Amino acid sequence: MLTSKPQIMKKSFSAILLAGGLLLNTGCEKLLDTPLQGTDLTEEEALQTKQDVLNVLQSCYDVTANVYNGRIQYLGELLSDNLAKPRSNEDLTEVFNHNTLFFNSTIGGIYADPYITAFRCNRILEIVDNFDFTTAERDEIVAEAKFLRAISQWEILRLFAQPYGFTPNNGHDGIIYKTRTEEQIVARSPVGVNYNEIIADLESALPNLRPSSDYYASQDAANGFLAKIHFQMGDYAQAAVYANAVIGSGRYSLGSSIDRFENDTVDVTEAIFSNTSRPEFGDFRSSGFGNYRSDLASPPEFFASREFYDIYAADTSDRRLKNFFELDESGDAPRVLVKKFNQEWFNVTILHLTDLKLLRAEALAESGGDLSVAIQDVNDVRERAYGSNLNNLPSGSSASQIIEAARYERRIEMFGEGDRIQQIKRRGALEGEATEVRSHPWDCNGMIIQFPISEQTTKFELNPTGGC
Amino acid sequence: MKRTLQSLFALLFSMAVWSLEAQVVKGTITDKSGEPLPGASVLVVGQSGTGTAADFDGNYSLSGLKAGKLTLEFAFIGFETKRVEVTLAEGETKTLNMALAESSSQLDEIVVVGYGVQRRRNMTGNVVKLDAKKLNDMPAPSFETAMQGKAAGVQIVTGSGLAGSASVVRVRGISSIGAGGDPLYIVDGVQLNQDYFSRGNSGGMNQNPLAFLNPDDIESVEILKDAAATAIYGSRGANGVILITTKRGNKGGLQFNFSTTQGISEPTKRPQMLNSQEYLQLYREAWINDGNTGTPVLTNPALTWDEAQRNNTDWVDQVVRTGYKAFYDFNVSKGTDRYNFYAGLSYDQNQSYIIGDEYDRMSARFNGDYRVNDKLTLSASTGLTQSIYNRVDNAWSGGLGAAMSTALPYYPVKWDRYYVSAGDTVARPGDWFLQGTNPVAQRELKDWRITDLRSINNAKITYSPIKNFTILASGSLDYFQSMEDIWEPAGRNTYQTDVATRGQGTAQRYPRRSYNYNGFLTGTYDWQLNDDNKFAFMLGTEYQENFTRSYYITTYDTNGVANGIRNDVFDAPSAFYESADLRNNYEFDSVTTSFISRFMSFFGRVNYQYKGKYLAQLVLRSDGSSRFGPNNRFGYFPSVSAGWIISEENWMKENRIINYLKLKTSIGWIGNANLTNTEFVARYNYASQAYDGRDILYPLNNPNPDLRWETTQVIDLGLEYGLFEDRITGELAYYRKNTTDVLLNVTLPRVSGFSNFYDNVGGLLNEGFEFQIKSRNLVGDFRWTTDFNIAYNHNEIVSLGGYSPDAVGGGTNDTRTIVGEPVGTNFLVRFSHVDPTTGRPVYLDIDGNPTFVWDPANRVPVGNVLPDAVGGITNNFGYKQWDLSVLFVFTIGSDIYDSSSKRQLGRMDDWNKTPQIFDRWRAPGDEALYPLLTLDAANHGSNTPWINTDQWIHDGSFLRLRNVTLSYRLNRNQLEKLGLKGAQISFIGTNLLTFTTYPGLDPEIARDFENATDRNMSVNITYLTPPQERTYSVRVNVNF
């Protein structure tokens, strides 16, 4: 039978319509779900078991270890009067000059990492309830995630915003404190709000953390950070309470070694929270301190400032100066070499007993607490430094003598740890001490680090430019 | 009676037969210069089916004609159709030679459009057609460079002078920021896999993914510009579509064609750098300016001051040569009623003017059609290309770039003494100088070769079950295999080493394979309702899949068996990765990445004509793609257009001036799907024993499930005109392209936890005019035609979704995106002057107040790299067998940012300087262009020598004599003596003259780009980019 022309046409068009329809129907839509190639996994594929969630949590520690590998610490040191001008690094010289520009890629890199931690922690918090954890397991994961995002972002807050107390109501610009993974263009929060957010996270984490741990979040670590945070806020009584909780645990001692930057083979008895290097896996987490190394063929990038050296130089019985610093007068201008970090790798002690003891001493003195405890704290540190009690504070020393002594010890004890600048700012903001660093007042624009240009949006205002 | 009848029939029949065979018209069809026009048709008007085509000598013969008056119509593509009345006596054989005039309006030419062809007269879209002649008038390493200046609204920036570098092609401005801005290329219906970053920007260059096509194989290129033309390509049409049709056999006997081009290449402008004495003199001046005394200490401690003064290496001389180019093409073709074929072979040896840089291409093509019967035709098109690209580093990576920067004139090429450092003898006399940049050593010690194999294959079945109805099924494969091999020897002369790792050699191989499958099915039906109403329907469906896999393999050798590695890697019978011997014998890292993307589409088109003068077209395409996020899997792309051939109106028909006038307009919504594949899905990666010996899992991105194509609303208004019987023809067009959902690769605030995020947040506007005119100024023996086009484009970023100007970074980050400004805005600190008292540069702060401090917070929009207008003017002169073609191209109103000059004219350090630095401040009171020389950037107000200011912005407008071709064609007599059917010799010069105020090397700049955003934003930025090449060539073309 002959098929008429319109029929053929109709059939053919129907065939094309059918083919097209088939392509577009939902069955074929599956075809458009192409698998990820290579080693990438979708979240669905990646997060199937409880262990997978723990592995994501481990990745937060991984990044945190990098934050504390010396980089976040040296940004603080460069702002302070502890260091001389860097030898050649232009980006770091900007920090030293108190005039960081928003194109500074070194700063951009350091600034980014704590927020990577925050994203991962926040993602964990968003999905943790989808997994079959026991309540205790879940609570601990949540606590660890909150601890890590809190300490990471506090480090940023301390460097990129003026300190607590800079304005009476702490309404000056702080940072964006990330608690969700959602992309949002938002403004910076006031510093006061940031402190509340950080404290709330740590407080909420505290009860569900394990009591102590070398490299993982613990109650001791959370208490230690809370002590430091309250100390920075001038809430000295509360700072002493948190410090007591750690010191009083009896789990930590100063030991005899003045070196708290050691590898795993040495038990750093005063370490409360550290990162860890594992050379057997090719995993080294102290590279930022390599800038100080004075035992290599090429000259170091960082030298201690002459001003710092001269404060302690007269005290020849102080093992810290002798062991950790050396005046090199071989060149045109004398330089102070730093020997403290002359190791291929070590575990970076992030939180330690020395810090908390000196903190408690000062906090007790400031808040009218038990001065004998404060004196003992200072003397514990001194006895280790001098190997004797000859340099001890006499009992009955006044609060101001204790404070002065604690500050003297703190500066040399925590050289390289980024602490000095925070003390200058705290004392400037809360005590009106008009400290200048290289003739720049503690509160000038350049004393905080400029954000990377990437942060600028229609809502996020960068720090004022122009240095000091 | 019966016999009588039989006799009568026999007589009548024989008379009929006699009558059929007796009247003949024959002759030769030529052009006005006497050149035969093989394939030209002769038809008897009113006698459907009576006609023939001229053979290769232009000869035709029409027999079986009726005696009496008849009208013959002579026609040939590209020539004016001519009708001649003939009166034939019974039994007469008439000779009628016909010389056809070239058509200028080409109104009746057939234009390839998406999934079909249309007659230009009936089209409502804006399509530029460039035929083979226009593409072959100059030697071009890749066909797109030959399009420059010939199509209104199509901006082509030729890649740098490097042999295999990619051009940047933009149709009607840039309508994208983060997605690819290049048009879609389709070869014989096959959508090409066009990856400009298959090799990243290694060596300071992006390799051209289009260079595999032999330009001589191309029959025509159609550039689809507006929505009416491109909507049929839906989500991939927004940047315009370029359809490439390769040659097929024409009707006639076997035809052989051979052509060759031989030429030389040199830079359009040779970089001028300081010699050693000049450099050292300036260095000493800087040393003293900085308050130093005594003999200056050089930045490079390997050489003493005295030794430096004795050395004087002209590094430009060391890397530049006269390049040699040789091209050979041989093809054979034939066509009959039943079949046709075209088969061709070509070899192109393309040396640039940079020593060591050579792109060689061998290609083969076979195209054929076989008509099984009246209803069924089978077609095949296949092309195979093997190219070998011998590479050298350039731009920021070395080569000429090094000669213009860190290869200082006081460095020797080789040591003439022992060099001892820290007690070790590092170099002996005759060893390469490796203690500073040495582009010669780099070139000689590094073998770098990219071997590409590309094959594009297409098979089609055309079936017409009934008249006017055709089904077309097409299947194709675009296969691309690329092997990049790099070898550097072990031993004391290794370039890539410092003292610590001296002696380490490397062998690297980067295999890459891509498969691009494409199949479509269309049905078309031409329906004539009545004399006044005609419809054409087309319906189709398509599937496309692209799969790319690449490897990274590298092996290091420290045992001094470098030659073994070299041979193994370079001469491996298959991919290095696939060789068991190599895998077993050498340790290497292998990383594999692969990508897959799929498109499924459904489309339709309806054309309607009323009374042959009112036209309308409706197009709709639906695309589903794996590239779109799960929330936006399917996109719909419609267009509506209309045309009115005003000159067909009765009241216009008598107009003596205007013989053709068509008004057309269209509106459509077209997409751009040049997205990365996997940004919408949350991706994780796993690392074992990553921290504290424990495994980690970590997210790689913040996913965007809403990710989708960009949508451009295109409005087009066009006027086609023909004046004075088509002595003057052309087209005028206005367009407005409003792009929404502009894809941005946003540099995320780091608070997000990631550095990048793909998001559809921006808005972009392109608005412009195009004007094209072709005038046949003189006809007759002396012929002169002028073809002029200019396109003005206004580009503006309408929105950026709240992100800052710095949020959208290309890789090289040369320009910024600012709402209210065009894409590619120079956002820089303003340089004011050099302070006559101190010699320090004075900048302007954000309020315009002078300051010595360079602070990026003071940046303002100060320039834009996009041109206001581009165009070209071609003049063709002909006299007898001579032809002269002169093409000028021009660019108006673009800025060039000479990013290299901030170092070449900035701080005195480890960069050589250009002679412009002589205009510098030297003593108080000096009014100079450049500040005091210093070794310390702080004296220039910054911590770093990378001081970007508007001092390095220049007007990039230029007028360039792009091409001059003088040709001589042999006439018939000459050809007969030689036994040839055609022969032509041409003398060709390209980039002969450039008129510009730009003080740098070459104002036509396509630097190396890191990614698609860069390619959109950093055109006209030069960073040690090699200048374009000037070539002189001879081309010989012979038909037999």
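**Exercise 1. Overall form of chain B**

What percentage of the 1040 residues of chain B count as buried? Determine this share, then assess the overall dimensions and the contact pattern of the chain.

*Solution.* The structure is a predicted model.

Step 1. Burial: 51% of the 1040 residues of chain B count as buried.

Step 2. Radius of gyration: for 1040 residues, a compact globule would have a value near 31 Å, and chain B has 32 Å, which agrees.

Step 3. Extent: along its principal axes, the C-alpha trace of chain B spans about 130 × 65 × 60 Å.

Step 4. Contacts: among the contacts in chain B with a separation of 6 or more, 72% are between residues 24 or more positions apart.

Step 5. Secondary structure: chain B contains 14 helices and 51 strands.

**Exercise 2. The interface between chains A and B**

Identify which element of chain A gives the most residues to the side that touches chain B, and describe the composition of that side.

*Solution.* Step 1. The contact involves 68 residues of chain A and 65 residues of chain B.

Step 2. The elements of chain A that give two or more residues to this side include helix H1 (5–24), helix H4 (50–67) and helix H7 (105–127). H1(A) gives the most, with eleven residues.

Step 3. By residue class, this side of chain A divides into 33 nonpolar, 19 polar and 16 charged.

Step 4. Strand pairing also links the chains: E1(A) pairs with strand E33 (residues 683–691) of chain B in the antiparallel sense, over two bridges. Within this pairing, Leu41(A) stands opposite Tyr684(B).

**Exercise 3. Two open sheets of chain B**

Give the strand order of the five-stranded and four-stranded open sheets considered here, and find the edge strands of each.

*Solution.* Step 1. The five-stranded open sheet has the order E11-E16-E17-E14-E15 (chain B), with mixed pairing. Strands E11 (127–131) and E15 (190–191) of chain B each have a single partner strand and stand at the edges, so one side of each is left without a neighbour in the sheet.

Step 2. At one of these edges, E11(B) runs antiparallel to strand E16 (residues 218–224) of chain B and is joined to that strand by five bridges. Leu130(B) has Val221(B) as its bridge partner.

Step 3. The four-stranded open sheet has the order E3-E2-E5-E6 (chain B), with antiparallel pairing. Its edges are strands E3 (51–53) and E6 (82–88) of chain B; each has a single partner strand, so one side of each lacks a neighbour in the sheet. The twist averages 20 degrees from one strand to the next.

Step 4. Strand E2 (residues 41–44) of chain B pairs with E3(B) over three bridges in the antiparallel sense, and Leu43(B) stands opposite Gly51(B).

**Exercise 4. Successive hairpins**

Trace the pairings of E21(B) with E20(B) and with E22(B).

*Solution.* Step 1. Strand E20 (residues 339–351) and strand E21 (residues 358–371) of chain B are antiparallel partners over 13 bridges. Asp348(B) stands opposite Arg361(B).

Step 2. The hairpin of E20(B) and E21(B) has six residues between the strands, and Gly356(B) takes a positive phi near 95 degrees there.

Step 3. E21(B) also pairs with strand E22 (residues 376–390) of chain B, in the antiparallel sense over 14 bridges. Here Asp369(B) stands opposite Ser379(B), and four residues lie between the two strands of the hairpin.

**Exercise 5. Two residue environments**

Classify Asn745(B) and Arg428(B) as buried or exposed, and list their contacts beyond four places in sequence.

*Solution.* Step 1. Asn745(B) lies in strand E36 (residues 728–747) of chain B. The cut-off for burial is 20 or more other C-beta atoms within 10 Å; Asn745(B) has 24 and is therefore buried.

Step 2. Asn745(B) touches Gly178(B), Asn756(B), Tyr758(B), Val808(B) and Thr1013(B).

Step 3. Arg428(B) lies in the loop between strand E24 (424–427) and helix H8 (439–444) of chain B. A residue is exposed if the count is 12 or fewer; Arg428(B) has 12 C-beta neighbours inside 10 Å, so it counts as exposed.

Step 4. Arg428(B) touches Trp415(B) and Tyr418(B).

**Exercise 6. Helix H10 of chain A**

Compare the span of H10(A) with its expected value and establish its burial.

*Solution.* Step 1. Helix H10 (residues 219–233) of chain A has 15 residues and reaches 21 Å from its first C-alpha to its last, close to the 21 Å expected at 1.5 Å a residue.

Step 2. Of its 15 residues, 15 are buried, so H10(A) is largely enclosed by the rest of the structure.

Step 3. Gly234(A) follows H10(A) and has a positive phi, near 80 degrees.

Terms used: Residues numbered from 1 in each chain as written. Chains lettered and ligands numbered in written order. Predicted model: local features only at pLDDT ≥ 70, side-chain atom pairs only at ≥ 80, totals over all residues. Pairing = 2+ DSSP bridges. Contact = placed C-beta atoms within 7 Å. Nonpolar A, V, L, I, M, F, W, Y, C, P; charged D, E, K, R; others polar. Rg over C-alpha atoms; globule rule 2.2 N^0.38 Å. Expected span 1.5 Å × (residues − 1). Axes fitted to C-alpha atoms, helices over the stretch in contact; angles between N-to-C directions.
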